[in-house]
Amino acid sequence: MIKTARLTTTLAVVTVAVLGLSACANDDEPAANGQNNQLEQLMATDASGDQRAAGGATSMAMELGFDQVQSASDDELASVRDNAEERAGTADDMTVDPQSCAAPIAELDWSPILASSESMTRVDFGTSNFMGAGSIEVAGITEETGGSAQAADEVAAHQQAVEEITTNCNDITMMLADDSEPDWAELEYTFTAESVETEAGSGLLWQRYPTEDPDSGQSTTALTLMTEHEGYVLMVAFIGGEEIADEEFTDITEAILSSATAQLD
């Protein structure tokens, strides 16, 4: 049985987005002030590099209309890392066709906040007219930035998995559990993916939908852009409906990532 959270990094940490954005769903003045205070903390003169980078991304996201923002707490980050550790090593349990794609699909269950690092920040953002969630994650991957050689290896493994997905596993089928059916019946889904290359970074655009009923409204689209800069790895991700596949969202993601890296220069 393939859990949805294994399919990509943004799915692996989507619970953080839900927790964060639930705290800022109101448009009243106190909520807005709370978000501005979070941004000020991220951009403070004594903030760490990962915080400043996340702050730059958050500022751009707000400028682009994503007025609901929330930093992930230490407890939420710890919970995501614990859950990811429990899922590790489960590629053999996946029902994927071709089965050779199970390992790279499983390897996509990684994002910067899962790096072997002591320096990491995540901020989630959204808006009332967008049925989805966005996020910025930044983590140090060198000793100077709180990371380690293992963290750098993890980044390389993720990049290799993305390349494998876009080259050899870009149109596959997989069985997913559906809790709307009795006894967690499994349904066949089609998974398609393509690489995304921008000046700010590179990444992956993928879509997943029921093979027998692609227009059922149960499709999921996700976009990630990632780069390394000044000893940090940075990733901007969106997950939601088909609109994320539009070129506009690639431009939005690139602008947010560029604003993050600019804070590290």
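**A colleague's note on the predicted model**

1. Let us start with one residue: threonine 192 counts as partly exposed, at 22% relative accessibility. Here buried means under 20% relative accessible area, exposed means over 50%, and partly exposed lies in between, with a 1.4 Å probe and protein chains only as cover. Threonine 192 sits in strand β6. Its C-alpha atom is 8.5 Å from that of leucine 205, a residue 13 positions away along the chain.

2. Before going on, please keep in mind that this is a predicted model, in which local features need pLDDT of at least 70 and side-chain atom pairs count only at pLDDT 80 or more, while totals for chains, interfaces and linings use all residues. Residues are numbered from 1 along each chain as its sequence is written, and side-chain values use heavy atoms, with hydrogens and water left out.

3. Now to the strands around β6. Helices (H or I, at least four residues) and strands (E, at least two) are DSSP runs, numbered from the N terminus, and two strands pair if DSSP finds at least two bridges between them. Strand β6 (residues 186-197) runs antiparallel to strand β7 (residues 202-210), and nine bridges join them. The two form a hairpin with four residues in between. Within this pairing, tyrosine 189 is found opposite proline 210 of β7.

4. What does β7 pair with on the way to β9? Strand β8 (residues 220-229) is its antiparallel partner, over seven bridges. Two of the contacts are easy to look up: glycine 203 has leucine 225 of β8 as its bridge partner, and tryptophan 206 has alanine 222 of β8.

5. The strand β8 also pairs with β9, again antiparallel, through nine bridges. Leucine 225 appears here too, with valine 236 of β9 as its bridge partner. How many of the ten residues of β8 are buried? Eight are, so the strand is mostly covered, given that buried means under 20% relative accessible area. As general background, side chains in a regular strand alternate between the two faces of the sheet.

6. The turn after β8 deserves a look. β8 and β9 form a hairpin with two residues between them, and glutamate 230 lies in this loop, ahead of β9 (232-240). Phi of glutamate 230 is near 50 degrees, a positive value in a residue other than glycine. Glutamate 230 is exposed, at 54% relative accessible area.

7. Another backbone feature is found at aspartate 97 and proline 98, which are joined by a cis peptide bond with omega of about 5 degrees. Proline 98 belongs to the loop between β2 (96-97) and α6 (102-107). For comparison, most residues other than glycine have a negative phi, and most peptide bonds are trans.

8. Where are the salt bridges? A search of the whole structure finds two, counting a side-chain nitrogen of Lys or Arg within 4 Å of a carboxyl oxygen of Asp or Glu. Arginine 122 meets aspartate 124 at 2.5 Å, N to O, and glutamate 137 with the closest N and O atoms 2.7 Å apart. Because arginine 122 lies in strand β3 (residues 120-126) and glutamate 137 in strand β4 (residues 132-140), the pair ties together parts that are 15 residues apart in sequence. Arg122, Asp124 and Glu137 are thus linked in a network of salt bridges. Aspartate 124 and arginine 122 are both buried, and glutamate 137 is buried as well.

9. On the surface, a patch of negative charge gathers Asp97, Glu188, Glu212, Asp213, Asp215 and Glu242. Patches are made of residues with over 30% relative accessible area and no salt bridge, with like charges joined within 9 Å and nonpolar side chains (Val, Leu, Ile, Met, Phe, Trp, Tyr) within 5 Å. Lys and Arg count as positive and Asp and Glu as negative, while His and the chain ends are not counted. One member, aspartate 213, lies in the loop between β7 and β8 and is partly exposed, with a relative accessible area of 42%.

10. Finally, glutamate 63 is in helix α4 (residues 49-63). Is glutamate 63 buried or exposed? With 63% relative accessibility, glutamate 63 counts as exposed. Its C-alpha atom and that of isoleucine 256 are separated by 9.8 Å, although the two residues are 193 apart along the chain.

Notes:
Accessible areas come from the Shrake-Rupley method with a 1.4 Å probe; for residues, only the protein chains shown count as cover. The place of a charge is taken as NZ of Lys, CZ of Arg, CG of Asp or CD of Glu.
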